[in-house]
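User: I'm new to this one and I'd like to understand the labels people put on it. Can I show it to you and ask how each label is earned?

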Amino acid sequence: MKDKLANLLSQFLVANVFFVLLSFFWLAIAVVGRATGINLGLDIWYKLWEPVFTPAIGILMGGAILSGIISWVSQKFKSDG
């Protein structure tokens, strides 16, 4: 059960990493578009920052810490047993 939960967490974090990366690339492209006078969705990105992207980054950080703790605890019990 623990391995299945850890695997599910890892899969979720991988999907979250790709989501965060895509949002970063959208931001970069939209900023370049704004500088050149082309509307590429920077205003929409700003509106989605607080309700969507901030929690995604927080989940990514928390999940990475949780994954590390699970791995550490798992190794600790394997070496003690």
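User: What makes Ser 23 count as buried?

Analyst: This is a predicted model, so take every value as computed from it. Ser 23 has a relative accessibility of 8%, and buried means under 20%, so the label fits. Ser 23 is found in helix α1, and it touches Trp 45 and Phe 53. Other buried residues in α1 include Leu 9, Leu 13, Asn 16 and Val 20.

User: How do you know that Ala 56 is buried?

Analyst: Same kind of check. Ala 56 comes in at 8% relative accessibility, and the limit is under 20%, so Ala 56 is buried. Its place is in helix α2, where it touches Asn 16, Phe 19 and Val 20. Ala 56 and Phe 19 are 37 residues apart in sequence, yet their C-alpha atoms are 7.9 Å apart in space.

User: And why is Phe 18 called exposed?

Analyst: Exposed takes over 50%, and Phe 18 has a relative accessible area of 52%, so it qualifies. Phe 18 sits in helix α1, residues 2-36. It also belongs to a nonpolar patch on the surface, along with residues including Val 14, Leu 21 and Ile 38. Together the patch has about 960 Å² of accessible area.

User: How do you know that the length of α1 agrees with what a helix should span?

Analyst: Compare two numbers. At 1.5 Å a residue, the 35 residues of α1 should span 51 Å. The C-alpha atoms at its ends are 51 Å apart, so the two agree. Just after α1, Gly 37 takes a positive phi of about 90°.

User: What makes the contact between Asp 43 and Arg 34 a salt bridge?

Analyst: The rule asks for a side-chain nitrogen of Lys or Arg within 4 Å of a carboxyl oxygen of Asp or Glu. For Asp 43 and Arg 34 the N to O distance is 2.8 Å, so the rule is met. A search of the whole structure finds one salt bridge.

User: Are those two partners buried, exposed or partly exposed?

Analyst: Partly exposed. Asp 43 has a relative accessible area of 43% and Arg 34 is at 45%. Buried is under 20% and exposed is over 50%, so these values land in between.

User: On to the rings: how many aromatic pairs are there?

Analyst: The structure holds six aromatic pairs. One of them joins Phe 24 and Phe 25.

User: Why is the pair of Phe 24 and Phe 25 called tilted?

Analyst: Rings pair if their centres lie within 6.5 Å, and here the centres are 5.8 Å apart. The angle between the planes is 55°. Under 30 degrees would be stacked and over 60 edge-to-face, so the label is tilted.

User: What makes Trp 45 and Trp 49 stacked, then?

Analyst: Their ring centres are 5.3 Å apart and their planes are at 25°. Planes under 30 degrees apart count as stacked, so that settles it. Trp 45 and Trp 49 are four residues apart in helix α2, residues 42-80, which puts about one helical turn between them. Trp 45 is buried at 6% relative accessible area, whereas Trp 49 is partly exposed at 35%.

User: Which residues do ring pairs link into a cluster?

Analyst: The cluster consists of Phe 19, Trp 26, Trp 45, Tyr 46, Trp 49 and Phe 53. You've met Phe 53 already: Ser 23 touches it.

Conventions
Residues numbered from 1 in each chain as written. Predicted model: local features only at pLDDT ≥ 70, side-chain atom pairs only at ≥ 80, totals over all residues. Heavy atoms only, no water. Buried < 20%, exposed > 50% of the residue type's maximum accessible area, 1.4 Å probe, protein only. Patch = residues over 30% accessible without salt bridge, like charges linked within 9 Å, V, L, I, M, F, W, Y side chains within 5 Å. Areas by Shrake-Rupley, 256 points an atom, 1.4 Å probe, with all protein chains shown as cover. Helix = DSSP H or I, 4+ residues; strand = E, 2+ residues; numbered from the N terminus. Expected span 1.5 Å × (residues − 1). Contact = heavy atoms within 4.5 Å. Lists of a residue's contacts leave out its neighbours within four places in sequence.
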